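Biologist: I would like a close look at a single residue and its surroundings. Please take one position, describe what is around it, and then place it in the wider model.

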Amino acid sequence: MAEDDRPFVTALARGLEILSCFSLSRPEIGGTQLAAMTGLPQPTVWRLCHTMVQLGFLVSVNGDKLRPGIPVLKLGRAALASIPMAEAAREPMQGLADRFGAASGLGARDGNRMVFVQRCICEATLVMNLRVGARLPLLSSAVGWGLLAGLEPAERDVLLAEYGPTDPRWPEVRPHLEAAMEGAVRDGFILNVGVFHPGYNAIGVPLRGPDGRPAFGLTCAGSASTHSAEFLRANVAPVLLQVARDLEQGWIPNCE
Amino acid sequence: MVQTAAEAALPGRQFVTALARGLKILGCFHSARPSLSVTEIAVALGLPQPTAWRLCQTMLSLGYLMAGDAGRLRPALAVLRLGYATLSEFPLAELIRPYLQDLADEVGGAAGMAVRDGFDMRFVQRCESASQLVLNLRIGSRVPIATSATGWALLASLPAAERDAAAGVSTAWDAARPQFRAALAAFEHDGFIINPGVLHPGYRTVAVPVMGADGRPSFTLNCGAAASAVSAEQLQCEIGPRLRALAALIAASV
């Protein structure tokens, strides 16, 4: 088969795989390590990296390492811009954050991760340092649980079966998640009390699209010292549920 | 794959054209144009339609693109894995550091990022080459707006009526003003400003303003070296344009 007839362009897939090796915990990686992480031959990695350096998507740091270059920010922002709900939710989320001295997050699922597409925090408050683009585990975060709570149990079980084995915390988290899902049937929201992070409590709800399927998880969270489970349940829950209903009714479809 | 003319201009047979094209496809999307058809992409990049289709198909199958109604494509959340999640958490001064280090190494001098602080510019980032002969400045150091390249870049980006007030009344400014005016004339053409040694004799520096969304200068970037290390021509023809491109990249992306 001639090269131009291939439906799948391997060189592109490999380059994107290299670019996705970088993370907040690993912002700078050397060529040898990239080869080890991707399982690609070193000369291949070198050529792909060389290409991305030429285009500015990777930059050299400290002599022998690489890290993503500024143009990746533009790519990410374009991806976020294609989700109008992220912008529509900002004002009510900031309202939630300010009213309850908390942090509010809106996340969509990318595999076994929840990606914050909006994040609003109250100034000078003890909250987790997470921003738009942050990737939280689906199975242990409140934003993940909020989304999962909106799924039919059978559909949820498929995700849990698929991603449970990929999450080292799964055995420990599982009973908490199951209890939270039971609570959601009764309450319409989930509480994540110290499971995502010790001393940090959150409440989450699903945000459904017009087809009735949960498209996002929406959360409100704060330090356990100020945001007890009782406080979240009694004070925050009614407001959070109302915000979710309002956003669902004013649903703006993704750009087509 | 056959290279387009723009690709052929890029150096090296080690260049992986398919990867470059895929990244350019992702770069076609922006907030004013959040979704595109394969045909629109092919036209925008000057690619044959089947080539654009294969590249898009690859990114669809990997989850980097999503298909909506009428086959229009838009970037998916997985795009945030491609470095965005890493860099979006970086403070700006850290984000820019590798670029400044590269410039500093290039000239055998130093490069920095500075913000306005009274009648001074204060460095919030500073990278030096291994060369011994650089001005003794570090993060937190200040230089006068009136006499430094980095200060001149700020002045050049301000409305003319604000410049004297920003530089502050001083004999140093009175002495420097004619040289600033000459440099300003070049700035209006070049987009960068060169200080030929007013701050320190025998030290040449080029600087650019980085503009914020409000149309005001947010901070400045500079790069300089001893006159023995860097020629006026190198600053004018290589370093100045690179700083200008960096400023534009930051303004467009951050």
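Modeller: What follows starts from one leucine, moves to the helix pair around that residue, and ends with the chain and its partner. The model is a predicted one, and every value below is computed from it.

The residue is A:Leu247, which lies in helix α10 of chain A, a helix covering residues 229-249. A:Leu247 counts as buried because 20 C-beta neighbours fall inside 10 Å, and the cut-off for that class is 20 or more. Setting aside neighbours within four places in sequence, the contacts of A:Leu247 are A:Met85, A:Ala88, A:Ala89, A:Pro92 and A:Leu207. One of these, A:Pro92, is 155 residues away from A:Leu247 in sequence, yet the two C-alpha atoms are 8.8 Å apart in space.

A:Pro92 also leads to the next level, the packing of two helices. Helix α6 of chain A covers residues 90-100, and its axis comes within 11 Å of the axis of α10(A), with a crossing angle of roughly 170°. Angles over 145 degrees count as roughly antiparallel, so α6(A) is roughly antiparallel to α10(A). On the α6(A) side the contact is made by A:Pro92, A:Leu96, A:Arg99 and A:Phe100. On the α10(A) side the residues are A:Asn235, A:Val236, A:Val239, A:Leu240, A:Val243, A:Asp246 and A:Leu247. Sorted by class, the contact of α6(A) with α10(A) consists of eight nonpolar residues, one polar and two charged.

Next, the chain as a whole. Chain A contains ten helices and nine strands, and its C-alpha trace spans about 60 × 45 × 40 Å along the principal axes. Of the 256 residues in chain A, 44% are buried; A:Leu247 is one of the buried residues. Taking contacts in chain A between residues at least 6 apart in sequence, 58% join residues at least 24 apart.

Finally, the partner chain. Chain B puts 53 residues in contact with 51 residues of chain A. On the chain B side, the elements giving two or more residues are α2 (17-27), α4 (49-61), β2 (73-75), α5 (84-87), α6 (92-107) and α10 (232-253) of chain B. Of these, α2(B) gives the most, with seven residues. By class, the side of chain B that touches chain A has 32 nonpolar, 15 polar and six charged residues.

Note on methods
Residues are numbered from 1 along each chain as its sequence is written. Chains are lettered from A and ligands numbered from 1 in the order in which they are written. This is a predicted model: local features need pLDDT of at least 70, side-chain atom pairs count only at pLDDT 80 or more; totals for chains, interfaces and linings use all residues. Helices (H or I, at least four residues) and strands (E, at least two) are DSSP runs, numbered from the N terminus. A residue is buried if 20 or more other C-beta atoms lie within 10 Å of its own, exposed if 12 or fewer, and partly exposed in between; C-beta atoms are placed from the backbone. Two residues are in contact if their C-beta atoms, placed from the backbone, lie within 7 Å. Axes are lines fitted to C-alpha atoms, for helices over the stretch in contact, and angles run from 0 to 180 degrees between N-to-C directions. Angles under 35 degrees count as roughly parallel, over 145 as roughly antiparallel, 65 to 115 as roughly perpendicular and the rest as oblique. Ala, Val, Leu, Ile, Met, Phe, Trp, Tyr, Cys and Pro count as nonpolar, Asp, Glu, Lys and Arg as charged, and the others, Gly among them, as polar.
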